Amino acid sequence: MSNTSVSHPYALDPNRSMLHSSPRSSPRRHRRAQDSTSRHPLANHAVDVFQESELAGESEDGEWGMVDRMRLWRHDALMQHLYETASFWGDKILSWTNDPNDAFWLAQTYFMTHQYSRAERLLTRPFPAVVPSQPGATNEDAHPMRGVSAMGNVSFDTKGKGKEIDLQAGSTPRLPMGPADLVRLPEELQARVSRLVDMSVACRYLAAQCQVRQGNWSDALEMLGEANPFRHSDRSGAAVPNVDGGIKVEASMCHLRGMLMLKLNRGEQAKLQLIGGEMMTPDEEWEFVQGLAYKHQTPDDADFIQLMYTSRLRKYKHTEEHALTRHRLVEDYRLSDNPDVLYSFADALYTQRRWADCYVITTRILELVTFHDATLPLHIACMYHLSHLRSKLFVLAHELVDKEPENPISWYAVGVWYLSADKWSQARQYFSKTSLMDPRFAPAWIAFAHTFAMEGEHDHAVTAYSTCARMFLGSHLPLLFIGMEQITLSNHQLADEALHAAHAACDSDPLLINELGVMAFTHGEYEKAAQLFERSLELAQVTQSSERSWMATYLNLGTCFRKLKDYEKAKQNYQRVLEIEPQHRQGLGFLGMVYHFQDEVDKAIVKYHEALSVDPINNHIVELLNLALESNIACGSWERVYPGGEEAFRAMMASLKNKFAKKGVEARQGDGNRSEEAMSVG
């Protein structure tokens with residue numbers, strides 16, 4: 001194969017979008033011939049990805065030819081989703097013109113009809129090399145297929161009246177659809193042809209998309225390049241604006257390259273290609289999005305684009321900035337009822353563990369749009385956490401499976417319902433199915449691991465969480481859950497490693513700080529544990545989360561103060577738990593222990609009885625209650641045993657002793673007299 005390819009300054013410009021190749025009208029200046037009411041704008045064959053014909057001037061003749069009419073049919077069929085019709089007429093146009101631009105649109109049609117292999121073959125077959133227009137070129141030299149073609153055959157004029165093809169004269173022969181190495185071409189012709197993928201960035205991107213759809217990920221990555229081929233060019237970079245206001249093809253290629261890296265399990269390289277899929281930590285995401293060159297790319301819309309990107313970030317940090325972002329989108333841009341903006345509100349509420357409020361927002365989103373991929377996982381999770389919505393979760397899962405059986409979220413909903421019913425094996429089955437349908441769907445992987453943890457299979461749970469941690473490098477949650485499982489297994493060293501790794505990724509999650517406090521308590525570092533528990537509660541207050549979710553942290557903090565013998569602070573935290581849930585058995589039991597330590601045995605007995613009324617078979621509380629009762633009897637305080645305390649009791653005992661001593665003497669004297677009388681009588 002000849003590596004010779006002619007330079008195309010427009011087709012190979014990575015800073016262009018594909019707006020100009022759109023079959024719809026584009027923001028380009030219109031051809032003068034289109035001013036005629038007799039000419040349909042979709043018949044304009046010059047809306048091409050190669051951008052050559054516009055530079056050389058346009059014919060003022062507005063008459064239509066056969067190629068014009070067939071191009072109109074092709075584009076109109078595309079707009080009406082008649083893809084078979086579009087491919088039928090597009091194939092005839094390509095036979096007449098052998099024009100790379102017509103080949104591109106035929107490949108697009110094949111792609112839309114899922115004929116990926118056919119589209120790829122078309123994009124990688126040889127075409128006559130397009131000769132760029134030179135300054136001062138005449139109208140006759142403008143079109144690459146004008147006059148004598150690159151193959152040496154007599155072609156036809158594609159402009160103006162010349163478009164009425166003389167079919168008797170013959171047309172340019174199509175080159176063979178052989179492999180990409182052009183082995184079927186004579187050597188003398190190989191230097192004068194090139195593949196579409198070598199002639200246009202848009203064609204190369206489309207060919208890579210075709211390979212992705214066929215599952216040829218390595219081939220697609222090779223087509224795009226291991227790294228951005230434009231990275232060392234003066235025309236590449238965030239500071240280089242898009243020349244036509246659309247989306248850079250270079251950016252789309254980088255995004256696709258990142259997705260391929262993920263599919264090939266090359267996550268570290270994927271982080272350099274895209275943001276998303278939880279491949280970056282919250283701090284990295286924030287710095288990346290805030291550091292983009294919005295002013296260079298979209299000077300007029302920079303603020304809006306930045307706000308929209310910011311609203312999609314995770315909400316563990318920068319709480320005030322996120323709140324201001326949502327406020328501006330609602331007030332300044334009137335997007336109060338936009339599903340994506342509402343999703344940002346819902347995501348923030350879910351992060352704050354405010355399930356009911358989040359459910360209200362997600363319900364509104366699903367009223368606006370039937371299926372919102374980002375919202376549904378939150379909606380389903382809220383229905384799991386709110387037990388009174390389990391029946392609605394069952395109905396929703398059935399509806400999703402009926403309407404969207406090919407969507408992994410539908411089967412995820414089924415798995416969550418089984419999880420709510422404590423049917424671990426069935427839930428695992430559907431979570432596994434979900435992850436097979438979409439290997440990058442993080443909730444399914446996490447839920448799959450949860451089924452093992454809830455079933456008590458902690459070793460299997462650790463393995464599953466470890467898989468999540470490898471796949472979602474930017475998420476701290478798998479590492480957090482690994483640490484929690486290792487705590488359960490008493491593997492304290494492994495738990496420390498996992499929790500500190502999670503803390504390095506995200507240091508603002510209250511649940512993570514709570515688990516670090518648990519580990520400090522386990523190591524006997526009660527002061528450090530108390531500080532961590534207080535920090536966790538501070539973060540929970542910042543996020544305005546539900547206090548019910550943090551009762552365990554209040555209990556932990558109270559227990560730390562109890563270990564430090566600061567009984568008043570311990571009592572305050574236990575009482576806080578009982579304010580949130582008056583029948584909390586552990587709160588009642590621990591508060592009874594504090595009263596017991598403070599020698600308030602009567603109050604301790606009352607709290608122990610209340611705890612046993614909630615949990616009658618708690619052996620620890622039963623034992624503590626027996627100790628309190630024995631203490632109340634045998635070791636009660638003097639104030640409770642005798643009014644006036646110990647001195648009054650001793651004085652009373654002394655008086656009784658003296659009294660009984662006197663009575664004893666009198667009794668002995670009386671006995672002597674009676675004995676004398678008895679003797680005399682006898």
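Analyst: A residue counts as buried under 20% relative accessible area, as exposed over 50%, and as partly exposed in between. The model discussed here is predicted.

User: Is Arg328 buried, partly exposed or exposed?
Analyst: The relative accessibility of Arg328 is 27%. The partly exposed class lies between the limits of under 20% for buried and over 50% for exposed. Arg328 therefore counts as partly exposed.

User: Which residue forms a salt bridge with Arg328, and what is the relative accessibility of that partner?
Analyst: Arg328 pairs with Asp332, and the closest N and O atoms are 3.2 Å apart. The value for Asp332 falls between the limits for buried and exposed, so Asp332 counts as partly exposed. The relative accessibility of Asp332 is 43%.

User: What is the N to O distance in the salt bridge of Arg354 and Asp357, and how accessible are the two residues?
Analyst: Arg354 is partly exposed at a relative accessible area of 23%. Asp357 is likewise partly exposed, at 35% relative accessibility. Their side chains meet in a salt bridge with an N to O distance of 3.1 Å.

User: Which residues are joined into one network by salt bridges that share partners?
Analyst: The structure holds 24 salt bridges. Some of these share partners and link four residues into one network. The members are Arg71, Arg74, Asp99 and Asp102.

User: How many residues apart in sequence are the parts tied together by the pair of Asp99 and Arg71?
Analyst: Asp99 forms a salt bridge with Arg71, with the closest N and O atoms 3.8 Å apart. Arg71 belongs to helix H1 (residues 66-79), whereas Asp99 lies in the loop between helix H2 (83-97) and helix H3 (100-112). Both Asp99 and Arg71 are buried. The pair therefore ties together parts whose separation in sequence is 28 residues.

User: What is the phi of His114, and where does this residue lie?
Analyst: His114 is found in the loop between H3 and helix H4 (116-123). With a relative accessible area of 59%, His114 is exposed. His114 is not a glycine, yet its phi is positive, at about 65°.

User: Which loop holds Arg353, and what is its relative accessible area?
Analyst: Arg353 has a positive phi of about 65° although this residue is not a glycine. It lies in the loop between helix H15 (339-351) and helix H16 (355-368). Arg353 is partly exposed, and its relative accessible area is 25%.

User: How many of the residues of H25 are buried?
Analyst: Helix H25 (residues 510-522) reaches 19 Å from its first C-alpha to its last, close to the 18 Å expected at 1.5 Å a residue. Its buried residues include Leu511, Ile513, Leu516 and Met519. H25 is largely enclosed by the rest of the structure because its buried residues number 10 of 13.

User: Which residues stand at the start of H25 and after it?
Analyst: At the start, a side-chain oxygen of Asp509 comes to within 3.1 Å of the backbone nitrogen of Leu511. After H25 comes a residue with a positive phi, near 80°. The residue at the start is thus Asp509, and the one that follows H25 is Gly524.

User: What percentage of the residues in the protein chain is buried?
Analyst: The protein chain contains 33 helices and two strands. It exposes about 34200 Å², of which carbon and sulfur atoms supply 53%. Among its 682 residues, the buried share is 49%.

Conventions. Residues are numbered from 1 along each chain as its sequence is written. This is a predicted model: local features need pLDDT of at least 70, side-chain atom pairs count only at pLDDT 80 or more; totals for chains, interfaces and linings use all residues. Side-chain values use heavy atoms; hydrogens and water are left out. Helices (H or I, at least four residues) and strands (E, at least two) are DSSP runs, numbered from the N terminus. Buried means under 20% relative accessible area, exposed over 50%, partly exposed in between (1.4 Å probe, protein chains only). Accessible areas come from the Shrake-Rupley method with a 1.4 Å probe; for residues, only the protein chains shown count as cover. The expected span of a helix is 1.5 Å times one less than its number of residues. A polar contact is a pair of N or O atoms within 3.5 Å; within protein, one must be able to donate a hydrogen and the other to accept it, and residues adjacent in sequence count only if both atoms are side-chain atoms.
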